[in-house]
Amino acid sequence: MNSNIEQRDEQTRADRLVVLGTGGTIAGRAARRGDHVGYRAGEVAVADLLEGIPVPAGWLVQAEQLAQIDSKDIGPGVWRLLLARVRELLDRPEVGGIVITHGTDTLEETAYLLQRVLAPAKPVVLACAMRPATALVPDGPQNLADALVVAAQPGARGVVGVCAGRIHAGLTLRKVHHYRLDAFDSGDAGPLGLVEQGTCTLFQPWPVADGTDGVARLAWLDRLLGPQPWPRVECLFSHGGADGWLVRALLAQDALQGHDRPDRLQGLVVAGTGNGTLHADLLAALLEAQAAGLRVWRTTRCASGRVLVAGSSPDQVPAVALPPAQARLALLLDLLTA
Ligand code: SIN
């Protein structure tokens with residue numbers, strides 16, 4: 001056992017890494033070993049994925065199957081399970097870190113939500129894969145081994161994702177490729193670090209809590225875990241010919257169903273062109289939505305970068321420096337605070 005780990009164990013009595021399985025390609029099964037598409041995600045049990053994966057020295061690994069889904073189908077149901085279980089495990093002194101096996105498709109949403117709501121002082125590491133577990137040369141086993149290494153690092157904290165040897169902060173990671181093994185990046189922020197040969201090299205500090213105070217985070221958690229539906233926030237794009245039809249259809253449908261429903265439409269996130277610019281006809285409809293009481297935020301449909309706001313020009317639709325799917329969750333949390 002290396003001396004850093006001994007020191008950490010003495011201080012915290014933590015000797016356990018818990019691996020929560022939620023499905024994804026990392027647990028996928030294909031009809032043929034050469035198939036890297038057209039397989040079924042979320043089939044192989046997390047305990048089986050851990051077979052033969054090296055356990056970091058001085059640690060015990062415990063597996064729990066929390067869900068078994070293709071992450072494109074994630075929503076409040078599985079997010080509630082994750083928030084509740086991760087929270088419980090973080091409170092246990094014997095748990096030093098948590099690894100979550102997860103599909104790549106919505107990894108950036110789960111990572112964002114866990115970091116914003118829980119801001120963990122222990123590591124919560126999302127592990128994934130681009131090839132199913134049954135592939136001739138799967139990438140999941142190495143990614144899972146790397147995730148355990150990261151979770152066992154002395155001083156590690158916060159939500160991060162590990163893929164293809166790179167560690168990405170939960171708030172900045174994005175899936176940027178549909179097929180390549182190195183499918184994630186952290187945009188202009190760059191990766192947090194690397195895992196090579198079982199060793200971590202960090203370029204940036206581990207993620208820490210944002211400005212949200214602990215009391216507000218606890219209130220979010222209570223509300224998110226409660227029985228009420230989460231605020232409905234929908235996403236749309238600005239594009240050539242965007243004339244606001246979709247926005248007006250949403251408003252009309254919502255009015256038809258009545259405004260006092262707990263699942264009424266409360267927010268819209270629009271991915272604009274370039275620096276978050278919006279087709280004039282779409283903008284007109286979004287201003288109608290705001291006038292009707294909806295919160296509307298804009299971001300960019302560009303693969304990287306964030307919307308910059310000139311202090312001198314009026315910001316009719318507030319801009320947010322997040323990719324659309326994360327902006328949707330940020331607005332949802334904001335609506336819980338309002
Ligand atoms: C999923 O997101 O569950 C399927 C795709 C993947 O994990 O790469």
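In this predicted model, strands E9 and E10 are joined as a hairpin, and two residues lie between them. Gln-197 sits in that turn and has a positive phi of about 55°. The two arms, E9 (residues 193-196) and E10, run antiparallel and share four bridges. If you would like a spot to start looking, find Leu-194, which stands opposite Thr-201 in E10.

**The eight-stranded sheet**

The hairpin belongs to a wider arrangement. Eight strands make up an open sheet with mixed pairing, and their order is E2-E1-E3-E4-E5-E6-E9-E10. Strand E2 (60-69) and strand E10 (199-202) are the edge strands, each pairing on one side only. On average, and with direction ignored, neighbouring strands of this sheet are turned by 25° against each other.

**The three-stranded sheet and its helices**

A second open sheet has three strands, ordered E11-E12-E13, and here the pairing is parallel. E11 and strand E13 (295-300) are at the edges with a single partner strand each, so one side of each has no neighbour in the sheet. Neighbouring strands of this sheet are turned by 20° against each other on average, again with direction ignored.

Within the sheet, E11 pairs with strand E12 (residues 265-272) in the parallel sense, over six bridges. Glu-234 is placed opposite Leu-268 in E12. Helix H7 packs on this sheet and touches E11 and E12, with a direction that makes about 170° with that of E12. Helix H9 lies across E11, E12 and E13, and runs at about 155° to E13.

**How the helices pack on each other**

Three helix pairs can be set side by side, with the axis separation and the angle for each.

| Helix pair | Axis separation | Angle |
|---|---|---|
| H3 (residues 76-90) and H4 (residues 107-118) | within 11 Å | roughly 45° |
| H6 (residues 214-225) and H9 (residues 324-337) | 10 Å | about 100° |
| H7 (residues 245-257) and H8 (residues 280-291) | 8 Å | about 20° |

Let's take H3 and H4 to begin with. Their axes cross at roughly 45°, which means that H3 is oblique to H4. The crossing of these two helices is right-handed. From H3, the residues in contact are Trp-79, Leu-82, Leu-83, Val-86, Arg-87 and Leu-90, and they meet Glu-109, Thr-110, Leu-113, Leu-114, Val-117 and Leu-118 in H4. By class, the contact of H3 with H4 is made up of nine nonpolar residues, one polar and two charged.

What about H6 and H9? With an angle of about 100° between them, H6 and H9 are roughly perpendicular to each other. Trp-220, Arg-223 and Leu-224 on the H6 side meet Leu-332, Leu-333, Leu-336 and Thr-337 on the H9 side. This contact of H6 with H9 holds five nonpolar residues, one polar and one charged. H9 is also the helix that lies across E11, E12 and E13.

The last pair in the table is H7 and H8, packed at an angle of about 20°, which makes H7 roughly parallel to H8. Val-247, Arg-248 and Leu-251 in H7 meet a set of H8 residues: Asp-281, Leu-282, Ala-284, Ala-285, Leu-286, Glu-288 and Ala-289. Seven nonpolar, no polar and three charged residues form the contact of H7 with H8. H7 thus has contacts of two kinds to look at, with H8 and with strands E11 and E12 of the sheet.

**An aromatic pair**

A pair of aromatic rings is described by the distance of the centres and the angle of the planes. The count here comes to one aromatic pair. Trp-79 and Trp-230 form that pair, at 6.1 Å centre to centre and with 5° between the planes, and the arrangement is stacked. The pair links distant parts of the chain, as the two residues are 151 residues apart: Trp-79 is in helix H3, while Trp-230 is in the loop between H6 and strand E11 (232-237). Trp-79 is also among the H3 residues that meet H4.

Terms used
Residues numbered from 1 in each chain as written. Predicted model: local features only at pLDDT ≥ 70, side-chain atom pairs only at ≥ 80, totals over all residues. Heavy atoms only, no water. Axes fitted to C-alpha atoms, helices over the stretch in contact; angles between N-to-C directions. Parallel < 35°, antiparallel > 145°, perpendicular 65-115°, else oblique. Left-handed = near helix turned anticlockwise from the far one by under 90°. Contact = heavy atoms within 4.5 Å. Nonpolar A, V, L, I, M, F, W, Y, C, P; charged D, E, K, R; others polar. Pairing = 2+ DSSP bridges. Phe/Tyr/Trp six-rings, centres within 6.5 Å; stacked < 30°, edge-to-face > 60°.
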